[in-house]
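Q: Please show me the sequence and the model. I would then like to know why certain terms are used for its parts.

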Amino acid sequence: MELPFAEPYKIKMVEQIRKSTKDERIQWIKEATYNLFKLSSDKVFIDLLTDSGTGAMSDKQWSEMMLGDESYAGASSFFKMKNTIKELLGFDYVLPTHQGRAAENVLFSVLVKNGDLIPGNSHFDTTKGHIEFRHAKAVDCTIDEAFNPTLIHPFKGNIDLNKLQNVFENNPIEKIPMVIITITCNTSGGQPVSMQNIREVSELCKKYGVKVIVDSARFAENAYFIKVREKGYENKTIREIVAEMFSYADGMTMSSKKDAIVNMGGFIGLRDKEIYRQASTFNIIYEGYITYGGLSGRDMNALAQGLREGTEFEYLESRIGQIEYLGKKLLDHGVPILEPVGGHAIFIDSKRFLPHIPQSEFPAQILGVELFIEGGVRGTEIGTLLADRDPVTRENRYPKLELLRLAIPRRVYSRNHMDYIAASIINVYERRNEIKRGLKINWEAPIMRHFTVELERL
Ligand code: F0G
């Protein structure tokens, strides 16, 4: 008999999670005004709100925590982190930050000016936020295939080189300080970018004198997809692939809460000493001294160890395998999801799940509410609530895709949990026609409304 898949780790410490009754959940979500962010986590059985900072650290990471050097300046923990980044990712200059958006804030303070254009593949919300806050514009150059939820393409995170060249040709080039490649591309469904695409974008950027910055939160998951999907990389190690990916970049920002498997942390990696020097000043203002940047020594130690563990093939195969397993179960039952499944999450396509509910009634949000009621599983809406209102007309913006994201934390849940999640979704799918209406807004904040919005059932 062929030996079946099993997770490449065993459990040393457990955290109790409690089941609840359907009646309790109906009451709780009503009290939370149908906003999943407002549920206290003890009311959630399986929490798929995000894969960010929610992973389980290893015994080795916890032992590194005990060895942290808490010196203000020049801590050995900083050098452990910096040397690991140099060894695995190849960057000479490193600035620690407290998380990914802080890395964006510091680096963009140097690179982004009023009126600039920053092309990329569907920039993440905070990335876009830090660009727009500086009165610059994020230009989405993702390939068109990414916006078709059922189209199978191995690298739906790729940048369209023609779109990129058009941006370069039709604008003053000095207004384009950099291109941001997000690997994997969270906004388009955790979809990877191929090595060929990274290389070609980098070549085009070199030709025009534009920098390449990689938003690297899920870089190791991207490397896994290159290994299993791109010709010529099947026999390379994840670390060889990672090194090649970053060899095409001038710099990187990192949310270590994802592929470095820590609960908090981030950093910037750079090749250019002058940019590093300028960024150092902003790091000191916003984050902390250049050898800690908002992190404890113990955090930097755990981060260094997490980068090693996160770039092991066996770990990635098990992690992404878990998401593929859940995706296959859903597809086998006809549940409409974004295909192919991405590296960190399943995205349920609410437009096909609840076609009778118009976008003005927030179908992905009502789906999230129903899934919570069904099984105590919490996801997050990536649809009309998140897309917010047009700043000028104040009308709702209706995005092309109306999704419920179920992000899987790293090394936290078992295959039994995947079966439980699948059963909860399938149960909702089977009673989808009983969900007649969506939600209406009773109160919302002027921006980023999804975090605090108060809703009511129609
Ligand atoms: N870039 C990407 C691609 C991200 O997915 C995130 C965060 C960030 C940058 C910002 O990093 O949270 O450490 O400040 N994504 C989380 C998520 C919040 O749920 O997808 P951060």
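A: The ligand is a place to begin: 16 residues surround it, and the closest are Thr50, Gln99, Arg101, Ser255 and Lys258. This is a predicted model, in which local features need pLDDT of at least 70 and side-chain atom pairs count only at pLDDT 80 or more, while totals for chains, interfaces and linings use all residues. Residues are numbered from 1 along each chain as its sequence is written, and side-chain values use heavy atoms, with hydrogens and water left out.

Q: What makes a residue count as near the ligand?
A: One of its heavy atoms must lie within 4 Å of the ligand. The residues that surround the ligand number 16.

Q: How do you know that Arg101 and Ser255 make polar contacts with the ligand?
A: A polar contact is a pair of N or O atoms within 3.5 Å; within protein, one must be able to donate a hydrogen and the other to accept it, and residues adjacent in sequence count only if both atoms are side-chain atoms. A polar side-chain atom of Arg101 is 2.6 Å from a ligand oxygen. For Ser255, a side-chain N or O atom is 2.7 Å from an oxygen of the ligand. A backbone N or O atom of Gly100 also lies 2.8 Å from a ligand oxygen. The protein covers 93% of the 470 Å² of accessible area that the ligand has on its own (by the Shrake-Rupley method with a 1.4 Å probe; for residues, only the protein chains shown count as cover).

Q: Which helix gives the most to the shell around the ligand?
A: Helix H4, residues 100-111, gives the most, with three residues. Helices (H or I, at least four residues) and strands (E, at least two) are DSSP runs, numbered from the N terminus.

Q: What classes of residue make up that shell?
A: The shell has one nonpolar, eight polar and seven charged residues. Ala, Val, Leu, Ile, Met, Phe, Trp, Tyr, Cys and Pro count as nonpolar, Asp, Glu, Lys and Arg as charged, and the others, Gly among them, as polar.

Q: What makes a space a pocket or a cavity?
A: On a 1 Å grid over the protein atoms alone, a cavity is a set of points where a 1.4 Å probe fits but cannot get out, and a pocket is an open set with protein on both sides within 12 Å along at least five of seven lines; lining residues have an atom within 4 Å of a point. Points are joined across faces, edges and corners, and a volume is the space filled by probe spheres set on them. The second largest pocket has about 1800 Å³. Its lining has 41 residues, with Met13, Ala56, Met57, Arg411 and Val412 closest to the centre. Helix H2 (59-66) is one of the helices that supply at least two lining residues, and H2 has the largest share, three residues.

Q: Why is the second largest pocket said to lie between domain 1 and domain 2?
A: Domain 1 (22-51 + 313-457) and domain 2 (59-310) both give residues to the lining, so the pocket lies between them. The bounds come from an automatic or database domain assignment.

Q: How many cavities of 30 Å³ or more are there?
A: The count is three. The largest cavity holds about 60 Å³, and its lining includes Asn35, Phe37 and His450. The second largest has about 50 Å³, with Tyr9, Tyr315 and Arg319 among its lining residues.

Q: What makes His135 and the bond from Glu339 to Pro340 worth listing?
A: Most residues other than glycine have a negative phi, and most peptide bonds are trans. His135 is not a glycine, yet has a positive phi of about 55 degrees. The bond from Glu339 to Pro340 is cis, with omega near -10 degrees. The bond from Ile183 to Thr184 is cis too, with omega near -20 degrees.
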